[in-house]
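Let's take a walk through a protein structure together, going from the whole chain down to single residues. Keep the 3D view open and look for each part as it is named.

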Amino acid sequence: MKKLFALTACAFCFSCQGQTQQQEQTLANQDTLETVIPQFVSQLPDTQFVSIENFEYQIKILDSLHSGEIDTLTSFLENADGFLTFRGNALRNADFGGKVSGKPDTVVIDWSFSTDVDNTDTKYGRWGGGTGWTGQPLYINWPDTMVEKFKNSKAQLTEDFSSKEIIFGSLASKVYFLNFETGKKSRQPFEVNNPIKGTVSLDPLFNGKLYVGQGVPARLPYGQITLDLYSHTVKNTKMAEESAWRGWHASDSSPIRVGSFVFRPSENGTIYKYWVNDTIEILHSQMKYRKKGFGGPGMESSMAVYKNYGYVADNHGYIVCINLNNLKPVWIYDNHDDSDATPVIEVENDSVVYLYSGCEMDRQGDNGKSHFVKLNALNGEKIWDYSEDAKKFKTGNKHFDGGYYSTSLLGRGNCDSLLFVNYVANENGQNGYFYAFNKKDGSLKYKTKLKCYSWSSPVGFLNEDNEFYILTGDTRGNIYLFDGSTGETLFVRSIGANFESSPVVVGDCAVVGSRGNKIYKLRVTKK
């Protein structure tokens, strides 16, 4: 099968419905996983579990010159001096390395930056400025060689350019670059024509490529683009295609590089796989899937990666594991409802691999259940499922769904056994909670009530005594600081507008954007 993918004609299309073409697949029994995956194997096997039998998928190969094999499992992101994609690494579980002294009890603003505002009227409203969900800024401390390359290129640097740079996509239809220390523009912004809601990604091989997904069709066309930071130009685009199984072509997912390939899930129900080197980017292949008799599910979550397996959640509630070598699904888990939050992977004892993910309450009507699950990431087997009643909040002709939009945070230090996430409750209004789960059995250790619901993903800080503190924001502009071990609220204050976006952490600081037009650098400290 590997040779077939390497030699296939340019527009070859491979289709599968359930267990057809079994000569090219292995449907493995979940109870015999140990016999399928020996501990010493570096790449995970090309296998499929029975959970995919009710699904159909199509794989299309467009590049016959390059093998689809993942050529290295080295995680380039781990070695980068910064956070170059959503949640920082391939597992989407980055220890942000936040450091504080003693027991912090306050959050102060170091600087704020105002984006432009795009008041274009669209059929989906006006999107304004600032950042939306997930909207995490990137942080990079450029090596000296890159600083010199930028200075000798057409990068449109400003007098405030610095090696320490913040990069983010904005609802103002621009990508911004800021000096981390001062909050001033470090280079001129990119105009990208459409609002950006998701988190942009910087290529970890430092080839100057910045991968951007457009979130709203304010102006056609819209979809996926790649920016060249050296020439300050758009180098590659992938816009709407009529053959997709879903007609919404936005791209909120934060792209991820694995080996020579960049993977970009789309809200049109398709996962795109690009072959990339320092100068060019070629669409190598793509895969779309759906449950038999249903339309294609879109993917707003970012892909998590463990070795050659990729994991995405979709708006039909499915969590899907994909073999990145050939884009064939390995297993599919039905988590009941729209799942936009990004799956988080944790490897325990260097051998046991788990996945954490939560769903919303969207497709069930006005009331239903929201689920947060822990799965065996290698076979999709459920370890535990925490479920509870959830509801929509309605106001006028709008509604706001309950459940989990937040990507979870693995505990560190004295909270190593815990996992943290924000939950939208919609109890007698638009409110929510900050949850702490026991990772082993899924029991709820505590929940702390928020002043309003939160979509933002929490981030953590350790002190010299290995005590873990957590910062998060809510959609009413409040910033919170919690003691991770007890859930005690150490600080809460209204700072800005809607903190829908997720922060990035650098030392004792967090940079986060709001749905107003402000980006903030916050410092966690003591009074």
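Below is a short tour of this model, starting with the overall fold and ending with some unusual backbone spots.

**The whole chain**

Please keep in mind that this is a predicted model. The chain holds 3 helices and 44 strands. Its radius of gyration is 22 Å, close to the 24 Å that the globule rule gives for 527 residues, so the chain is as compact as a globular protein of that length. Along its principal axes, the C-alpha trace spans about 65 × 55 × 50 Å.

How much of the chain is buried? Buried residues make up 63% of the 527 residues. The chain exposes about 19,200 Å², and carbon and sulfur atoms supply 46% of that area. Contacts also tell us about the fold: of those with a separation of 6 or more, 58% are between residues 24 or more positions apart.

**An open sheet of four strands**

Now find the open sheet whose 4 strands come in the order β22-β23-β24-β25. The pairing in this sheet is antiparallel. At its edges lie β22 (304-306) and β25 (329-334), each of which pairs on one side only. From one strand to the next, the twist averages 20°.

Strands of a sheet pair through backbone hydrogen bonds, either parallel or antiparallel. Inside this sheet, β23 (residues 309-313) pairs with β24 (residues 318-323) over 5 bridges. You can locate this pairing by looking for Val-312, which stands opposite Val-320 in β24.

**An enclosed strand and its partners**

Next, turn to β16 (residues 223-228). All of its residues, 6 of the 6, are buried, so this strand is largely enclosed by the rest of the structure. Two antiparallel pairings of β16 are set side by side here.

| Strand paired with β16 | Bridges | A pair of opposite residues |
|---|---|---|
| β15 (residues 209-213) | 5 bridges | Leu-210 and Leu-227 |
| β17 (residues 233-239) | 6 bridges | Met-239 and Gly-223 |

With β17, strand β16 forms a hairpin that has 4 residues between the two strands. One residue in that turn, His-232, has a positive phi of about 60°.

**A helix with a buried face**

Which residues of helix α3 (residues 144-151) are buried? They are Met-146, Val-147 and Phe-150. Seen down the axis of α3, these buried residues fall within an arc of 105°, so they line one face of the helix. An α-helix has 3.6 residues a turn, so residues three or four places apart point the same way.

The face of α3 turned away from the buried side carries the exposed residues Asp-144, Thr-145 and Lys-151. What covers the buried residues of α3 includes β13 (185-191).

**One buried phenylalanine**

Phe-177 sits in strand β12 (residues 174-179). Is Phe-177 buried or exposed? Its relative accessibility is 1%, so Phe-177 counts as buried, the cut-off being under 20%. Leaving aside neighbours within four places in sequence, Phe-177 is in contact with several residues, including Ile-167, Lys-185, Phe-190, Leu-210 and Leu-229. Ile-167 is 10 residues away from Phe-177 along the chain, and the C-alpha atoms of the two are separated by 4.7 Å.

**Unusual backbone spots**

Most residues other than glycine have a negative phi, and most peptide bonds are trans. Here are some places to look at with that in mind.

The peptide bond from Trp-133 to Thr-134 is cis, with omega near 5°. Thr-134 lies in the loop between β9 (128-129) and β10 (138-141). Another cis peptide bond leads from Leu-220 to Pro-221, with omega near 0°. Pro-221 belongs to the loop between β15 and β16.

Arg-92 is not a glycine, yet it has a positive phi of about 60°. You will find Arg-92 in the loop between β5 (82-83) and β6 (98-99). With a relative accessibility of 0%, Arg-92 counts as buried.

His-336 also has a positive phi, near 80°. Its place is in the loop between β25 and β26 (344-348). How large is the relative accessible area of His-336? The value is 42%, so His-336 is partly exposed.

Note on methods
Residues are numbered from 1 along each chain as its sequence is written. This is a predicted model: local features need pLDDT of at least 70, side-chain atom pairs count only at pLDDT 80 or more; totals for chains, interfaces and linings use all residues. Side-chain values use heavy atoms; hydrogens and water are left out. Two strands pair if DSSP finds at least two bridges between them. Axes are lines fitted to C-alpha atoms, for helices over the stretch in contact, and angles run from 0 to 180 degrees between N-to-C directions. Buried means under 20% relative accessible area, exposed over 50%, partly exposed in between (1.4 Å probe, protein chains only). The arc is that of the directions from the helix axis to the C-beta atoms. Contact means heavy atoms within 4.5 Å. The radius of gyration is taken over C-alpha atoms; the globule rule is 2.2 Å times the number of residues to the power 0.38. Accessible areas come from the Shrake-Rupley method with a 1.4 Å probe; for residues, only the protein chains shown count as cover.
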